[in-house]
Amino acid sequence: MMLTLATPCFAQDAPPSPGPLLVAADLREGTDLSGPWHYSIDPFRSGISGFHGGMPDTGQQRWRDVDVRAAMAKDSRVLYEFDLAHSPLASLPSSWLTHAPELRHYDGLMWYQRTFAAPETRKGRYFLRFGAANYATIVYLNGKEIGRHEGGFTPFAFEVTQVLRDGQNQITIGVDSQANEATVPPPVTDWENYGGMTRPVRLIATTDTYVDDAWVRLTRDGRMAADVHLDGPQAANRPVRLKIAELGLDRAGTTDAHGNWRATMAAPRALIRWSPEGPKLYDVTVTSGEDRWHDRIGFRTIERRGADILLNGKPIFLRGISMHEEELGVDPTRAITPAASRALLSEIKDGLHGNFVRLAHYPHSDVTVRMADELGLIVWSEVPVYWRVAWSNPDTLVRARTMLAENILRDRNRASVAIWSVANETPVTDARNSFLRTLVADVRRLDDTRLVSAALLVERGEGADHPVMTLADPLAEVLDVMAINTYNGWYSQDRLSDLERSEWHVPADKPLIFSEFGADARAGFHDPANKQKFSEEFQADYYRATLGMTDRVPTLRGMSPWILKDFRSPRRQNPDFQQGWNRKGLISETGQRKEAFDVLGDYYARKASSR
């Protein structure tokens, strides 16, 4: 029997409070555990449970802190059916899809293990912080379970102060990529899953009482605001100090009984607001006792007024494109480095004359959002709530709310992030409406300085010689920005010549973004005579026709066509054109620009010059 979602119960609950947060942990001192790890597949999850569902027997307990070879050589009665210390090696972070050819389509449980040296002189507290692991993770240190996490794209951390030992420490991690009907995201997908430890693991040291969270920003009325939370035995009634040296800002305060400090103040006169044209960032520090938290933060306001999106009080048109978290190359593994991120985002900023990127369909690496801060790209950030979600399952809602909170709390200090999206292409039902309204309410509680959106479906009708598209989704009434995915002319029988006459019936009092449109083309395949689908000529004509359509929509305030780069998609198997890749990219998987790249780039250049 399906469980029914009780709307009043969830709608009134506060958002989940994941922790420890270790906000801006990537800038804290620590030991990077990137590099070689041993790995071992576990397709039947024998390291999680035995044949009858109980504890696995000793011979399958991958996390055991034991020298397997020595133990078996010493006693003939001992049996181990694993030996991670002598299993193959892979360099992490990386998806296991690229560890070995036989793992290309592996989907299930993988074990990783390595040793590391503890700091010789230890004081304070220590945390293992994971940038992300896809999807469900269980972590052991020196044979002891220290924590579990669900969700493939958001950070998590576990305190290990009492488990660390002098000398070498053994860390063992089980990562299970397999989705089911209750997970977020659901099993159905149109891109590569990339199971594994795809973002760095670090051992982070803090003082006994440390700054766990700090959020420093401009409010909608242009004032500076700060929220700080301390964690530790002396968090209550403790002095804290906020400084932005370049602006001469120095504000002191004292935390309350819960370790929280909140302050608002006039913005310094010398403040230069962040924008795509001038992505100014400031060094911000918060100190408390011996702990010093720091981040690089830009300050700007983003709001909606009628059908306009206002950046720093002025209307802006979002000239963007969508992007998956997948680096350039013939064998990507979702290991996003600063260089990999810069290569992708620079194609948008410099090549397409863009100012906006939709990070689809899940939270991308903090490397990417920091790079967007630096380069000056406005970001749409979303959680993996799409298509076939178990809307009536309370546990699924909890999972989605937790991921949303982890995403927002990680990135609230990123000036580039302007829009939180709660869903993509979700069919309208009462259960779905309740589920997504809960997520929208969570966004507003966690961050009242940004806009909320979701990529919505539309109803199609037929005019005499053109499609008639109507947005009737009831979720639109609680969103700041409406967004629509449209593929007329690619997944429909429309002639491209009919697209410009398309009718769009959407609310007139809110801004609209075309969050997706696109057509496949295999780079280098040309058919100038017939312009068949998958040719560069068809894709270029598709963009010309669709862009002509967009110019006739009066409330349109931005777009993020699908997609920047060809990306892996095992469901796409046309042997002539796809070969396991979705070819809607304006550049190929190796970065080769297609004809449509210049079509969109020229359009955006004209948009930018006509402001």
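## Elements and the loop at Gly329

Helices and strands here are DSSP runs, numbered from the N terminus; a helix is H or I with at least four residues, and a strand is E with at least two. The model is predicted.

In these terms, Gly329 sits in the loop between strand 23 (318-323) and helix 3 (338-351). Which residues does Gly329 contact, leaving aside its neighbours within four places in sequence? They are Trp581, Glu589 and Thr590. The C-alpha atom of Gly329 is also 9.0 Å from that of Ser588, although 259 residues separate the two along the chain.

## Helix 5 against helix 6

A packed pair of helices is described by two values, the angle between the axes and the distance between them. For helix 5 (residues 394-411) and helix 6 (residues 430-446), the angle is about 25° and the axes are 10 Å apart. Helix 5 is therefore roughly parallel to helix 6, since angles under 35 degrees count as roughly parallel. The crossing of helix 5 past helix 6 is right-handed.

Helix 5 brings Thr396, Leu397, Ala400, Arg401, Leu404, Ala405, Ile408 and Leu409 to the contact. Helix 6 brings Phe435, Thr438, Leu439, Asp442, Val443, Arg445 and Leu446. By class, this contact has ten nonpolar, two polar and three charged residues.

## Helix 8 against helix 9

Helix 8 (residues 536-550) and helix 9 (residues 595-609) also pack at about 25°, with their axes 7 Å apart. That angle makes helix 8 roughly parallel to helix 9.

On the helix 8 side, the contact is made by Glu536, Glu537, Gln539, Ala540, Tyr543, Arg544, Leu547 and Thr550. On the helix 9 side are Glu595, Ala596, Val599, Leu600 and Tyr603. The classes here are seven nonpolar, two polar and four charged residues.

## The largest pocket

The largest pocket holds about 630 Å³ of space. Its lining has 26 residues, and Ser17, Asp213, Leu409, Arg412 and Leu446 are the closest to its centre. Two of these names recur from the first helix pair: Leu409 belongs to helix 5 and Leu446 to helix 6, and both are part of that contact.

Which elements each supply at least two residues of this lining? They are strand 13 (210-218), strand 14 (224-231), strand 17 (260-265) and helix 6. Strand 13 has the largest share, with five residues. By class, the lining has twelve nonpolar, four polar and ten charged residues.

## The second largest pocket

The second largest pocket has a volume of about 440 Å³. It is lined by 17 residues. Ala205, Thr206, Thr207, Glu290 and Asp291 lie nearest its centre.

Strand 12 (201-206) and strand 19 (291-297) each give at least two residues to this lining. Strand 19 gives the most, three residues. The classes are three nonpolar, six polar and eight charged.

## Cavities

How many cavities of 30 Å³ or more does a search of the whole structure find? The search finds three. The largest cavity has about 80 Å³ of space.

Lining this cavity are 13 residues. Closest to its centre are Arg217, Gly298, Arg300, Arg412 and Arg450. Arg412 is also among the residues closest to the centre of the largest pocket. Strand 13 supplies the largest share of the cavity lining, three residues, just as strand 13 has the largest share of the lining of the largest pocket. The cavity lining divides into five nonpolar, three polar and five charged residues.

## Backbone exceptions

Most peptide bonds are trans, and most residues other than glycine have a negative phi. Against that background, three places stand out. Gly19 and Pro20 are joined by a cis peptide bond, with omega about -5°. Pro20 lies in the loop between helix 1 (7-12) and strand 1 (30-32). Another cis peptide bond joins Trp562 and Ile563, with omega about 20°. Ile563 lies in the loop between strand 33 (556-559) and strand 34 (567-568).

The remaining case concerns phi. Asn142 is not a glycine, yet its phi is positive, near 55°. Asn142 is found in the loop between strand 7 (136-141) and strand 8 (144-150).

Definitions and conventions:
Residues numbered from 1 in each chain as written. Predicted model: local features only at pLDDT ≥ 70, side-chain atom pairs only at ≥ 80, totals over all residues. Heavy atoms only, no water. Axes fitted to C-alpha atoms, helices over the stretch in contact; angles between N-to-C directions. Parallel < 35°, antiparallel > 145°, perpendicular 65-115°, else oblique. Left-handed = near helix turned anticlockwise from the far one by under 90°. Contact = heavy atoms within 4.5 Å. Nonpolar A, V, L, I, M, F, W, Y, C, P; charged D, E, K, R; others polar. 1 Å grid on protein atoms, 1.4 Å probe; cavity = no way out; pocket = protein on both sides within 12 Å on 5 of 7 lines; lining within 4 Å. Points joined across faces, edges and corners; volume = space filled by probe spheres on them.
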